[in-house]
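Please walk through the following model with me, beginning with its aromatic side chains and moving on to its helices and loops.

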Amino acid sequence: QKGSDFIKKKFFIILLTFFIININFSSAYEIDTWAMSSYELLSSKKLIPTILRKNDNYKNPINRMEFTHLLITYLMSNKHYDVNTTTKYKDIDDNYINLASHLKIVSGYTDDTFKPYMNITRAEASVMIYNTEKQIAYLKSGSINRFKDYKFIPNWAVESVGAISNSNIINGYPDKTFAPSKNITKQEAFVIIAKLINSKSSTID
C-alpha cells in the first residue's frame, strides 16, 4: 500500500510540474531585450491595448489596426476623446480606427476600405505618429537629408519623417538609412510609444 501511495504521489508531482511548465510556456511572449523596458513601461501604465495584450511574438510586423489601437490608447492617456464616432470604412467597424480617422491621424483607401490587417511601413508609421503627436504637442520640423536613402521617402511622408527623426522618436539605422518601406514591428512600436511618453510628463502614471 505504501509503495502504491508513493507511486501515486510521484505521478502527481510529475503531472503538476508538467502542468506548471506548460502554463509558463503558453503565457510566454517573444521580445528582444532592447525592447523589454519599453514594453514594461507601457504595461505598467496600461497603455498596451487589448488587441496587443496577448501571447505573441512581438518581433513580428504590426498591422494597421494594431498600430492605430496603440496610438489612440497613448493619445487618450493625454487627452480625452469620445470614441463613439461614425463608421467610416466598409471593411471594418472599429471605434479606435474611426476616431483616428476623425482626427486625421490615419486615412483609408479610395475604395472606402481601411485594410486593417495590412502591415505598416516606417514611412506610414511616421505619418501616423506625427499626426498623433500634433494633437498634444509641438514637433519641430527637421530635414530628411541626413538619410542616405532620403530620395526613397515618399513625398507625403517627408514632413513627418523629418519631424519625427529630428525628435529622435524614430531614428535611422547604423548605415545612415531610414528604410521607409520596411515594415515596423510590434516591439519597435512599443519603443516609439515609450519615447513619446518619456518626452513629456502629462502621460498617466
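Counting rings of Phe, Tyr and Trp (its six-membered ring) as a pair if their centres lie within 6.5 Å, one arrives at 5 aromatic pairs. One of them joins Y39 and Y58, whose ring centres are 5.5 Å apart and whose planes meet at 40°, so the pair is tilted; in this scheme planes under 30 degrees apart count as stacked, over 60 as edge-to-face and the rest as tilted. Because Y39 lies in helix α2 (residues 33–44) and Y58 in the loop between α2 and α3, the pair ties together parts that are 19 residues apart in sequence. Helices here are DSSP runs (H or I, at least four residues), as are strands (E, at least two), and both are numbered from the N terminus. Y39 counts as buried because its relative accessibility is 12%, and Y58 is buried with a relative accessible area of 1%; buried means under 20% relative accessible area, exposed means over 50%, and partly exposed lies in between, with a 1.4 Å probe and protein chains only.

A further pair is formed by Y89 and F114, whose ring centres are 5.2 Å apart with planes at 50°, so this pair is tilted. The pair links distant parts of the chain, since Y89 sits in the loop between α3 and α4 (95–102) and F114 in the loop between α4 and α5, 25 residues apart. Both Y89 and F114 are buried. Returning to the earlier pair, Y39 and Y58 form one aromatic cluster together with F190.

This is a predicted model, in which local features need pLDDT of at least 70 and side-chain atom pairs count only at pLDDT 80 or more, while totals for chains, interfaces and linings use all residues. Residues are numbered from 1 along each chain as its sequence is written, and side-chain values use heavy atoms, with hydrogens and water left out.

Rings also meet charges in this model, where a charge sits over a ring if NZ of Lys or CZ of Arg is within 6 Å of the ring centre and within 35 degrees of the ring normal. R122 lies over the face of F178, at 4.4 Å from the ring centre, and the charged end of K115 sits over the ring of Y109, 4.4 Å from its centre. K115 is placed in the loop between α4 and α5, where it has a positive phi of about 55° although it is not a glycine, and its relative accessible area of 27% makes it partly exposed. K46 likewise has a positive phi, of about 60°, without being a glycine; K46 is found in the loop between α2 and α3, and at 69% relative accessibility it counts as exposed.

On the level of the whole fold, the protein chain has 7 helices and 0 strands. Buried residues make up 45% of its 205 residues. Of the contacts (heavy atoms within 4.5 Å) with a separation of 6 or more, 71% are between residues 24 or more positions apart.

How many of the 12 residues of α5 are buried? The helix is mostly covered, with 11 of the 12 buried, among them R122, V127 and Y130. These buried residues pack against α3 (64–78), α6 (158–166) and α7 (186–198). The expected span of a helix is 1.5 Å times one less than its number of residues, so the 12 residues of α5 (residues 122–133) should span 16 Å, and the end C-alpha atoms are indeed 16 Å apart.

The packing of α5 with α6 can be followed more closely. The two helices meet at an angle of about 70°, with their axes 8 Å apart, where axes are lines fitted to C-alpha atoms, for helices over the stretch in contact, and angles run from 0 to 180 degrees between N-to-C directions. That makes α5 roughly perpendicular to α6, given that angles of 65 to 115 degrees count as roughly perpendicular, under 35 as roughly parallel, over 145 as roughly antiparallel and the rest as oblique. The contact is made by S126, V127, I129 and Y130 of α5 and by E159, S160, V161, A163 and I164 of α6. Just after α6, N168 takes a positive phi of about 60°.

Finally, V191 is found in helix α7 and, at 17% relative accessibility, counts as buried. V191 touches W34, A35 and S38, not counting residues up to four places away in sequence. V191 and S38 are 153 residues apart in sequence, while their C-alpha atoms are 5.2 Å apart in space.
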